[in-house]
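Hi,

Here is the structure I said I would pass on. Have a look at it first, and then read my notes underneath.

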Amino acid sequence: MDFKNCCLLLLSIIYVGCEDVVELELPDSDPRLVIDASFATTFNAGKIQTEGAVILSLSAPFYDTGNPPVNNATVYITNTTTDEVHNFIEVGDSGAYITQYQWNPEFLSQYVLTVISGNETYEGTATLIPTVPLDEVQQGDGTLFSGEETEIVVKFTDNGSRDDHYLFDLDFNLYLTTEDRFYQGEQFVFSYFYEDLDPGQEITVRINGVDRQYHDYMTLLIEQSGQNGSGPFQTLPSTLRGNMVNRTNPDNYAYGYFSLSERNELTLFID
């Protein structure tokens with residue numbers, strides 16, 4: 001065998017060997033409470049509706065496919081302006097806690113989420129953050145790499161009287177953050193490209209008002225999640241602390257966030 005063929009054979013062996021999947025042994029840490037408490041309020045033709053729940057789980061090792069739910073916790077939200085308390089109850093053993101009646105946060109009021117689990121008390125504070133309407137959501141004709149992507153064009157006009165931060169829910173557990181630093185008071189237009197959409201399929205685009213802290217938090221979560229459609233609150237390569245504080249034992253801090261957003265949305269059907 002000559003030198004050239006020997007090199008080719010060696011490269012082939014190396015290439016085949018590189019196809020093996022390698023899982024790194026990452027160090028396990030003690031599980032921590034994860035609090036996902038995002039609420040969105042819509043104001044539509046005089047009708048007010050708030051959607052959301054307090055979802056409690058435990059953090060899990062990176063290669064695990066899910067987070068164990070946390071059951072039998074005490075959960076309530078207090079309006080510190082009026083001292084009104086809204087109690088939440090668990091749905092089965094799901095770790096999801098909801099109210100038994102319609103609850104709508106108000107602008108200019110401050111709310112405290114309290115979670116009592118494992119004899120420890122966690123608290124987070126939030127106010128309802130305003131947003132703006134969506135001007136238009138339409139299907140475009142642009143593509144990216146494969147030529148099979150579907151372009152959705154989103155238009156909205158920023159409120160020039162304040163500094164705004166936005167979280168877009170683009171359906172299918174896809175999210176995008178943006179701030180009005182470069183388009184203060186102006187209309188902003190952007191495109192988002194979807195894969196594997198079928199004609200007639202429905203897409204709902206939602207714009208949520210968020211504060212700077214939650215904007216930055218979600219930006220990091222979106223980057224770490226890789227926008228793989230599994231949602232931003234799955235197990236991540238590294239963990240981020242939110243605005244929930246352990247009042248009983250500060251060293252045993254929780255992951256997750258409590259947020260209140262005004263939301264507007266538009267829906268379209270794919271051609």
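**Notes on the strands, a pocket and some loops**

Let me start with one pairing: Thr-157 has Gln-187 as its bridge partner in β12. That bridge belongs to a set of eight that join β9 to β12, and the two strands run antiparallel. Before going further, please keep in mind that this is a predicted model.

**The three-stranded sheet**

Which order do the strands take in this open sheet? The order is β8-β9-β12, and the pairing is antiparallel. β8 and β12 (187-194) are the edge strands, each pairing on one side only. From one strand to the next, the twist averages 15 degrees.

On the other side of β9, five bridges connect this strand to β8, again running antiparallel. One pair you can pick out there is Val-137 with its bridge partner Val-154 in β9. β9 is also mostly covered, with six of its eight residues buried.

**Where β8 hands over to β9**

Gly-140 sits in the loop between β8 (134-139) and β9 (150-157). Is Gly-140 buried, partly exposed or exposed? Its relative accessibility is 23%, so Gly-140 counts as partly exposed. Leaving aside residues up to four places away in sequence, Gly-140 touches Glu-151 and Val-153. If you want a distance to check in your viewer, the C-alpha atoms of Gly-140 and Val-154 are 9.8 Å apart, with the two positions 14 residues apart along the chain.

**The second largest pocket**

This one may be of interest to you. The second largest pocket holds about 400 Å³ of space. Its lining consists of 20 residues, and those nearest the centre are Asp-36, Ser-38, Phe-39, Tyr-175 and Arg-263. Which elements give two or more residues to that lining? They are the strands β1 (33-44), β2 (47-58), β10 (165-169), β13 (202-210) and β15 (255-269), along with the helix α2 (212-225). Sorted by class, the lining of the second largest pocket comes out as 11 nonpolar, five polar and four charged residues.

**Two loop residues with positive phi**

If you check backbone torsions, two residues will show up. Most residues other than glycine have a negative phi. Asp-83 is not a glycine, yet has a positive phi of about 65 degrees. You will find Asp-83 in the loop between β3 (74-79) and β4 (84-90). With a relative accessible area of 59%, Asp-83 is over the 50% cut-off and therefore exposed.

Asn-119 is the other: its phi is positive too, at about 65 degrees, although Asn-119 is not a glycine. This residue lies in the loop between β6 (110-117) and β7 (120-129). Asn-119 counts as exposed because its relative accessibility is 76%.

**The chain as a whole**

Some overall numbers to finish. The chain contains two helices and 15 strands. Of its 271 residues, 41% count as buried. Among contacts in the chain with a separation of 6 or more, 64% come from residues 24 or more positions apart.

Cheers

How values were computed:
Residues are numbered from 1 along each chain as its sequence is written. This is a predicted model: local features need pLDDT of at least 70, side-chain atom pairs count only at pLDDT 80 or more; totals for chains, interfaces and linings use all residues. Side-chain values use heavy atoms; hydrogens and water are left out. On a 1 Å grid over the protein atoms alone, a cavity is a set of points where a 1.4 Å probe fits but cannot get out, and a pocket is an open set with protein on both sides within 12 Å along at least five of seven lines; lining residues have an atom within 4 Å of a point. Grid points are joined across faces, edges and corners, and a volume is the space filled by probe spheres set on the points. Helices (H or I, at least four residues) and strands (E, at least two) are DSSP runs, numbered from the N terminus. Ala, Val, Leu, Ile, Met, Phe, Trp, Tyr, Cys and Pro count as nonpolar, Asp, Glu, Lys and Arg as charged, and the others, Gly among them, as polar. Buried means under 20% relative accessible area, exposed over 50%, partly exposed in between (1.4 Å probe, protein chains only). Contact means heavy atoms within 4.5 Å. Two strands pair if DSSP finds at least two bridges between them. Axes are lines fitted to C-alpha atoms, for helices over the stretch in contact, and angles run from 0 to 180 degrees between N-to-C directions.
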